[in-house]
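Thank you all for coming; I would like to spend a few minutes on one structure and on how its ligand is held. Please have a look at it first.

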Amino acid sequence: MSELPIYPMLIAGQPVLAATSFEVINPATAAPFARAAAGDASHVEAAVAAARAAFPAWAARSDTERSRLIGVLAEVLQANMPELMRLVTLETGKPVDGLNHVGAGMEVGGAIAWTQVTSQLDLPVEVIQDNAEARVEVHRKPLGVVASITPWNWPLMIAIWHIMPALRAGNTVVLKPSELTPVTTARFVELANAVLPPGVLNLVMGAAGSEVGPAMTIHPGIDKIVFTGSTATGRKIMGNAAATLKRLTLELGGNDAGIVLPDVEVKAVAPKLFAAAFHNNGQTCACLKRLYVHESIYEALCAELLALAQAVKVGDGLDPACQLGPIQNRMQLEKVEAIAEAARRQGGQFLCGGERLPGSGYFYAPTIVAGLDEGSQLVDEEQFGPILPVIRYVDVDEVVVRANRNSNGLGGSIWTRDLDRAAALALRLECGTVWVNEHGAVQPDAPFGGIKQSGLGVEFGRHGLAEFTSIQTIKMMKA
Ligand code: TXE
C-alpha cells in the first residue's frame, strides 16, 4: 500500500474518503506525490444534498455577513500561502516565481486578490420606476446550488474565480477539481470549511474518466454550472445541462491573436510578447497564441524572441531560479509534440526548440516557429503549450480579418504607439477582451469571457457576480 498522503473529499463539513483513491503526479518528475479520494455518483448525490440543505440559511444571511465571511477566506488564503504555493508547484509544475512573475506565487496571490475584491462587490436593488403610479424594483436573487468544474492549468485560482462570486451571491457550491490537479483545491476547501457553515462549500473528486463530472451536469439538484476547460467538454456539459435548463458560465479555449504594428520599438515589446505567449508554458486560456507581425519588423522581432527563448531557464518549479516548469501532463506534452510535427510537415521554420528536454518530467523546449499562415494546425488550433507561431503580415486591415477568421474569440491584443489607432482596431477584433500593449492581464473588477466557441457569459466584477443570480422584478401599484 502506498504511503503517499490521501486527500479526502469534503461533504457537509466532513472529510470523506472513498473505496479507492487515485495518484496525483508531479509533472517535474512524472512520479506521484499524493493520492486523492476517487469519488463516484453517490458522492455527487451526498454533496448536492448537503448543498441544498445548507442553501436556505446561507441565502438568508445578510449581504454584510456573507461579505465578511468571504473576507475571512481571503485571510485564510494569506495565512496558508507558503503551503498552498508549494502544493501548486508540486501538482502543476508551475515555478514558484516564474517568467514575468507568473508562477505559484501569482496563483495564490491572485486567489487572495480575487477573494478580497469579490467580498466587496454587491448588486444593489435597481429602481426602474418610482412615481405616483407605481414602483418597479429589480432584485438579484441567488440561484441555489452551483456546480464548479475546474481545469489543471490554474487549479486554485480558477476554483476561487468560480466559488467566491457564487457564495457572495448567496448560492452554495459543489466543486470538482481536475483529476490531474485536485490537491491544492482539496486543501483550500478543508481550510475554508473551518470558516463556512457545513454544506456551503463541498468538494467531490473523481479519477480520470469517472462519472463524477457527468453526474454533476445532469443532476436536477444543481441549478448552475460554472466550467473552465476545453471547448469539447464545454459542449458536452451544455448538452447535459439542457434537460434541466441549468444556467451556464463556460470559459473555454482560446486562440488569441496579437497584432504588432510597424511603429513599435522592437526591443521594448519583445519581452512583453514573449512572456504573454510563454508564461506558464503557454498553458493559460488567455495566452498569446498567434503572433502577427508586420513584415517591416518581422525579422528583427523574430531575432529578439529567439534570444529570449534561448535565455529562459526551464526546470523543476521548486528551483527558485526556474522561469518555466514542465508541461502539466503527459497528454498535453504529446499534444504539443503532435502540433510541432504538423508544423514541420506544413513548412514551419523552427527558430528554436521543437523537442522534449532531458529528464524524467514533462519538459519541452520553448519553441518559436516562423513562416506559417492560417491553414496550418499550429495557427488555426489552440496549442496550449510552449510553441508559438510568428506570422508575417503586410496590411493592417487585412490582418484583422485574418485574425478574426477563427472559431475562438477569447482575447486579442494590438501593439502600437498610436493609441487612437489601437482603439479603433480593438473594436474590430472579434473577442471578449482586447488588450493594447499587453496581453492576458485579467483583473478582478473587469469582466472577462469569450465569444464564439470560447465560451458563454463572463466572470469577474459586477457583471460576473450577476451571473450567479436570477432577476426578480417587483412591481407595486400605488394607486
Ligand atoms: O480538459 P477538459 P482536458 C484545453 C487544452 C487541453 C484541452 C484538454 O487545449 O489540451 O483543453 O484538456 C472535467 N462532464 N484546456 O482534457 O476535459 C475534467 O474532469 C463534466 C483549456 O484536461 O475540458 C476537468 O475537471 N466534466 C482550458 C475539467 O472538465 C468533465 C484549461 C476540464 O477538463 C467532463 C484546460 C464531462 N463529460 C484545458 N469531461 C482553458 N480554457 O483554460 C471532463 N470533465
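I will go from the placement of the ligand to its surroundings and then to single contacts.

Please keep in mind that this is a predicted model. To begin with the placement, the ligand sits in the largest pocket, and because domain 1 (6–252 + 454–475) and domain 2 (256–443) both give residues to the shell around the ligand, it lies between them.

That shell has 27 residues, of which T150, W152, E179, S230 and Q332 come nearest, and by class it is made up of 11 nonpolar, 10 polar and 6 charged residues. Three helices, α7 (212–218), α8 (231–241) and α11 (330–345), each supply at least two residues of the shell.

Turning to the contacts, a polar side-chain atom of N153 lies 3.2 Å from an oxygen atom of the ligand, while a side-chain N or O atom of E382 is 3.3 Å from a ligand oxygen atom. From G229, by contrast, a backbone N or O atom lies 3.4 Å from a nitrogen atom of the ligand. As for burial, the ligand taken alone exposes 820 Å², and the protein buries 87% of that.

How values were computed
Residues numbered from 1 in each chain as written. Predicted model: local features only at pLDDT ≥ 70, side-chain atom pairs only at ≥ 80, totals over all residues. Heavy atoms only, no water. Near = heavy atom within 4 Å. Polar contact = N/O pair within 3.5 Å; in protein donor to acceptor, adjacent residues only side chain to side chain. Areas by Shrake-Rupley, 256 points an atom, 1.4 Å probe, with all protein chains shown as cover. 1 Å grid on protein atoms, 1.4 Å probe; cavity = no way out; pocket = protein on both sides within 12 Å on 5 of 7 lines; lining within 4 Å. Sits in = over half its atoms within 2 Å of the grid points. Helix = DSSP H or I, 4+ residues; strand = E, 2+ residues; numbered from the N terminus. Nonpolar A, V, L, I, M, F, W, Y, C, P; charged D, E, K, R; others polar. Domains from an automatic or database assignment.
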